[in-house]
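Please keep the viewer open beside this text, and make each selection as it is named before reading on.

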Amino acid sequence: LSEQLFMQMADVMVSDGWKDAGYEYVCIDDCWMSMTRDDQDRLQPDPERFPSGIRKLADYVHSKGLKLGIYADVGNKTCAGYPGSYGYYDLDAQTFADWGVDLLKFDGCNYGTLDLLAEGYRNMSLALNETGRSIVYSCEWPLYMRPMRKPNYTEIKHYCNHWRNFGDIYDAWSSIRSTLDWTALHQDTIVDVAGPGGWNDPDMLVIGNFGLSWDQQLTQMALWAIMAAPLLMSNDLRHISPQAKWLLQNKDVIAINQDPLGKQGYRLSKESNFELWERPLSGGAYAVAVLNRQEIGGPRPFSFSLSFLGNGLACNPACVIQQILPASEDWGLHNWVSFLSVEVNPTGTVLLKVVVIEERPGKDLC
Ligand SMILES: *[C@@H]1O[C@H](CO)[C@@H](O)[C@H](O)[C@H]1NC(C)=O
Ligand SMILES: *[C@@H]1O[C@H](CO)[C@@H](O)[C@H](O)[C@H]1NC(C)=O
Ligand SMILES: *[C@@H]1O[C@H](CO)[C@@H](O)[C@H](O)[C@H]1NC(C)=O
Ligand SMILES: *[C@@H]1O[C@H](CO)[C@@H](O)[C@H](O)[C@H]1NC(C)=O
């Protein structure tokens, strides 16, 4: 972990098309700090890892047309034991603003009591606002609150721009799987609150590492688009396969993720080890994901009626279907009584875009 690493990553984001694809923030996580505050109580970076200071790093990142994210904690110590922001919310917010930071991930380790946790997240939000600098505020408030008390998502959205609900992701299928299971189980409370200004955050994309098969990487990308998740990558862009890069920079998937309607998708059904998810998009369109949850065997067909999608409206009276993943393919015109049969690999996903069309007289529909 070093300033050199973040500068190299910023360089690669520009030279290898990541910035053009829409990736904008370079984010530092825990362990950037010195173990002690300075003589004016301000946080300071570890002098060996960040000898030039965060202001210099922010300037560098900005000179590339990118933005810088940083990490702090609501309690007395960060998760890795570095100084926490408790008692210093105003000072730390001002320090980050002075450095030119554009995003704050505010962790919840060592939060004390539930009241201090909530107060801390509120106070830091107000403190960031007071600085006058526009800083994305990424919270872990509901994650730490939920075991004891039901989070109030209306309130959380008022203070935070995105928030973690569930444990840290890691580079394994079991982690992707449990994140999806948790999200589907709680979709009645978390889906409706998501929208412009505030999003559920199922944690980072781990595509381009070592633990996921290709089909599992497709599943993460497709379902993170369905879930309207912030797309933050945790990987090494200096050493990433062309295949993973193609997936992470796929314009059609990113367009679904960033759809201006800003509605999060949800699971429609789970039967015979298939999951069917949909996400309403602008213009009456829908993104549809078919996930094969069976972990053994080969590709299996899943058949469903298009009248099932979008409460019967997604393909009524007719629609054009485009397969987005695993590869872009035009599936042509369908009408609302059509059945669709989709072949899906074990732990893989087929992602579709369904665009409703008005029936025009004299036009034959297949
Ligand atoms: C931080 O430590 C102080 C002193 O021990 C204590 O009063 C305070 O409640 C702690 N804050 C949290 C959030 O645990
Ligand atoms: C939050 O801010 C209020 C008002 O300034 C203050 O009274 C309270 O002690 C703060 N709480 C924490 C946990 O910092
Ligand atoms: C601070 O909050 C006010 C009221 O919500 C808002 O209008 C303003 O844009 C915010 N300022 C910043 C810098 O976020
Ligand atoms: C949740 O927070 C909102 C906004 O702060 C408030 O109006 C509402 O009463 C709260 N809901 C519950 C159930 O506490």
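A salt bridge is counted here where a side-chain nitrogen of Lys or Arg lies within 4 Å of a carboxyl oxygen of Asp or Glu. With that rule in hand, select Asp29, Lys105, Glu140, Arg164, Asp168 and Asp203, which are linked in a network of salt bridges. Bear in mind throughout that this is a predicted model.

Now step back to the whole chain, displayed as a cartoon, where 12 helices and 14 strands can be traced. Shown as a C-alpha trace, the chain spans about 75 × 45 × 40 Å along its principal axes. Its radius of gyration is 22 Å, which agrees with the value near 21 Å that a compact globule of 366 residues would have. Of the contacts with a separation of 6 or more, 69% are between residues 24 or more positions apart.

Switch next to a surface display, for which the accessible area comes to about 15,900 Å², with 50% of it belonging to carbon and sulfur atoms; 54% of the 366 residues count as buried. If the charged side chains are then coloured by sign, 30 positive and 45 negative ones appear, and the centres of the two sets lie 1 Å apart.

Side chains of opposite charge can pair when their charged atoms come close. In this chain the count comes to 19 salt bridges, and a few of them merit a separate selection.

Begin with aspartate 11 and lysine 64, whose closest N and O atoms are 3.2 Å apart in a salt bridge. This pair links distant parts of the chain, since aspartate 11 belongs to helix 1 (residues 3-15) while lysine 64 sits in the loop between helix 3 (54-63) and strand 2 (67-73), 53 residues apart. Aspartate 11 is partly exposed, at a relative accessible area of 28%, and lysine 64 is likewise partly exposed, at 28%.

Move on to arginine 149 and aspartate 115, which meet in a salt bridge with an N to O distance of 3.7 Å. Here too distant parts of the chain are linked: arginine 149 lies in the loop between helix 6 (141-145) and helix 7 (153-159), and aspartate 115 in helix 5 (residues 114-130), 34 residues apart. Arginine 149 counts as partly exposed at 37% relative accessibility, as does aspartate 115 at 49%.

Finally, select glutamate 275 together with arginine 267, a salt bridge in which the closest N and O atoms are 3.6 Å apart. Is glutamate 275 buried or exposed? At 0% relative accessibility, glutamate 275 counts as buried.

Definitions and conventions
Residues are numbered from 1 along each chain as its sequence is written. Chains are lettered from A and ligands numbered from 1 in the order in which they are written. This is a predicted model: local features need pLDDT of at least 70, side-chain atom pairs count only at pLDDT 80 or more; totals for chains, interfaces and linings use all residues. Side-chain values use heavy atoms; hydrogens and water are left out. Helices (H or I, at least four residues) and strands (E, at least two) are DSSP runs, numbered from the N terminus. The radius of gyration is taken over C-alpha atoms; the globule rule is 2.2 Å times the number of residues to the power 0.38. Buried means under 20% relative accessible area, exposed over 50%, partly exposed in between (1.4 Å probe, protein chains only). Contact means heavy atoms within 4.5 Å. Accessible areas come from the Shrake-Rupley method with a 1.4 Å probe; for residues, only the protein chains shown count as cover. Lys and Arg count as positive and Asp and Glu as negative; His and the chain ends are not counted. The place of a charge is taken as NZ of Lys, CZ of Arg, CG of Asp or CD of Glu.
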